[in-house]
Amino acid sequence: MKKLIITAALTASLLGGAATAQAEGLNIVFTHHSSASNTFWQAVKKGFDDACEKIEANCQMIFTQTEGSIEQQAANMEAALARSPDALLTSIVDDRALDSIIERAVGDGVTVIAVNVDDSEGADGNARAAFVGQGFRPAGHSLGKAMSTHFPAEGPIKVVVGISAPGQNWSEARGGGVLDFMAEFKAANPNRDVSFERIDSGTDLAVTADRVGAYLNANPDTTAYFDTGFWHAAVARVLKDRGIAPGEVLLGGFDLVPEAVQQMQAGYIQVQVDQQPYMQGFIPVMQAYLADKVGLTPADVDTGQGIVTPAEADAIMKLSAQGLR
């Protein structure tokens, strides 16, 4: 088992790389649930690396080999903690799987900060010191509300919400926020035919394209598809390939990765929610530094639920090219 853990961490570290730093600096490790092919996490890594360079820390971000693998993330955490880091930054995508590891780290004096995804009960559910990231359920509600301005003024409204990773905190909470809004919208429009449902849409562009494409074949009257990540960018390609004009099926989701911004520019994605990944990489490093050098307790930071529309896409693409969005 020990060999498996070390092998997983070594492979992941080769994918993730490490920030250039002074040998005498803080030792900070960032483990999370995504693979190196996930473009969102490259922006997080840039913020992480830039912050580590500023404070001259020894830093390493460890990716999983399989997107969303909690088992691989846990193995990477165990291997990282065996090297006695000063701080551990990590996403908490499951309310139970990582608890004992984090409790042990805190007991050993490691500063632990949750980043990007928190326990669904926050500090009540996990021993981490603070959370830096988006409030997922409110962000989902905001996405639904923003998209509703594009709903047709008359006729039925049929919405499908793609839960990208069923059971994982971030996806369930975002999707739950969209469904909360749709329930409110239905109640506020009792004379209209309003329906909504959720499906397992996947965390891979090709998988999401297949699953949502099949859903749209069976439900050609669909008004809007909401994704809890950025994988609806692939759905936009499906619509284009089928000769469906932009706006005939409304699309909305999360994160300003290049694929999604390009589809906004093309008119296929109407609304996107930004959670500022660069900030999620940068801020927790600074909090770890202040905790070690000044004794300041890390604090929760909401990195936002900014609503982005196609009008802003060109400017955002420039920042995305720099790895800042």
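This is a working chat about a predicted model of one protein chain.

Colleague: How many helices and strands are in the chain?

Modeller: The chain has 11 helices and 13 strands. Its radius of gyration is 20 Å, close to the 20 Å from the globule rule for 325 residues, so the chain is as compact as a globular protein of that length.

Colleague: And what does the C-alpha trace span along its principal axes?

Modeller: The span is about 65 × 40 × 40 Å.

Colleague: What share of the residues is buried?

Modeller: Buried residues are 55% of the 325 in the chain. As for contacts with a separation of 6 or more, 74% of them join residues 24 or more positions apart.

Colleague: What about the surface, how much does the chain expose?

Modeller: About 13400 Å² is exposed, and carbon and sulfur atoms supply 52% of that.

Colleague: Charges next. How many positive and negative side chains are there?

Modeller: There are 23 positive and 39 negative side chains. The centres of the two sets lie 3 Å apart.

Colleague: Let's go to Gln134. Where is Gln134 found?

Modeller: Gln134 sits in the loop between strand S6 (130-133) and helix H5 (136-148).

Colleague: Is Gln134 buried or exposed?

Modeller: Gln134 has a relative accessible area of 1%, and the cut-off for buried is under 20%, so Gln134 counts as buried.

Colleague: Which backbone oxygen lies 3.1 Å from a polar atom of its side chain?

Modeller: That is the backbone oxygen of Gly304. Gly304 is also among the residues that Gln134 touches beyond four places in sequence, as are Asp302, Thr303 and Gln305. Other members of that list include Arg174, Phe254 and Gln275.

Colleague: Stay with Arg174. Which helix holds Arg174?

Modeller: Arg174 is in helix H6, residues 169-188. Arg174 is buried, with a relative accessible area of 3%.

Colleague: What does the side chain of Arg174 reach at 2.7 Å?

Modeller: The side chain reaches the backbone oxygen of Thr228.

Colleague: And which residues is Arg174 in contact with, leaving aside neighbours within four places in sequence?

Modeller: Arg174 is in contact with Gln134, Phe136, Gly140, Thr228, Gly229, Phe254, Asp255 and Gln275. Phe254 and Gln275 are touched by Gln134, and they appear in the contacts of Arg174 too.

Colleague: Changing topic, which residues have a positive phi without being glycine?

Modeller: Glu56 is one of them, with phi near 55 degrees. Asn116 is another, at about 75 degrees.

Colleague: Where do Glu56 and Asn116 lie?

Modeller: Glu56 is in the loop between helix H2 (39-55) and strand S3 (58-62). Asn116 is in the loop between strand S5 (111-115) and S6.

Colleague: What is the relative accessibility of Glu56?

Modeller: Glu56 is at 40%, and partly exposed runs between 20% and 50%, so Glu56 counts as partly exposed. Asn116 is buried, with a relative accessible area of 5%.

Colleague: Last one, Ala313. Which helix is Ala313 found in?

Modeller: Ala313 is in helix H11, residues 313-321. Ala313 is buried, with a relative accessible area of 1%.

Colleague: What does Ala313 touch, not counting residues up to four places away in sequence?

Modeller: Ala313 touches Val261, Met264 and Gln265.

Colleague: How are Ala313 and Ala123 separated?

Modeller: Ala313 and Ala123 are 190 residues apart along the chain, and their C-alpha atoms are separated by 36 Å.

Conventions
Residues are numbered from 1 along each chain as its sequence is written. This is a predicted model: local features need pLDDT of at least 70, side-chain atom pairs count only at pLDDT 80 or more; totals for chains, interfaces and linings use all residues. Side-chain values use heavy atoms; hydrogens and water are left out. Helices (H or I, at least four residues) and strands (E, at least two) are DSSP runs, numbered from the N terminus. The radius of gyration is taken over C-alpha atoms; the globule rule is 2.2 Å times the number of residues to the power 0.38. Buried means under 20% relative accessible area, exposed over 50%, partly exposed in between (1.4 Å probe, protein chains only). Contact means heavy atoms within 4.5 Å. Accessible areas come from the Shrake-Rupley method with a 1.4 Å probe; for residues, only the protein chains shown count as cover. Lys and Arg count as positive and Asp and Glu as negative; His and the chain ends are not counted. The place of a charge is taken as NZ of Lys, CZ of Arg, CG of Asp or CD of Glu. A polar contact is a pair of N or O atoms within 3.5 Å; within protein, one must be able to donate a hydrogen and the other to accept it, and residues adjacent in sequence count only if both atoms are side-chain atoms.
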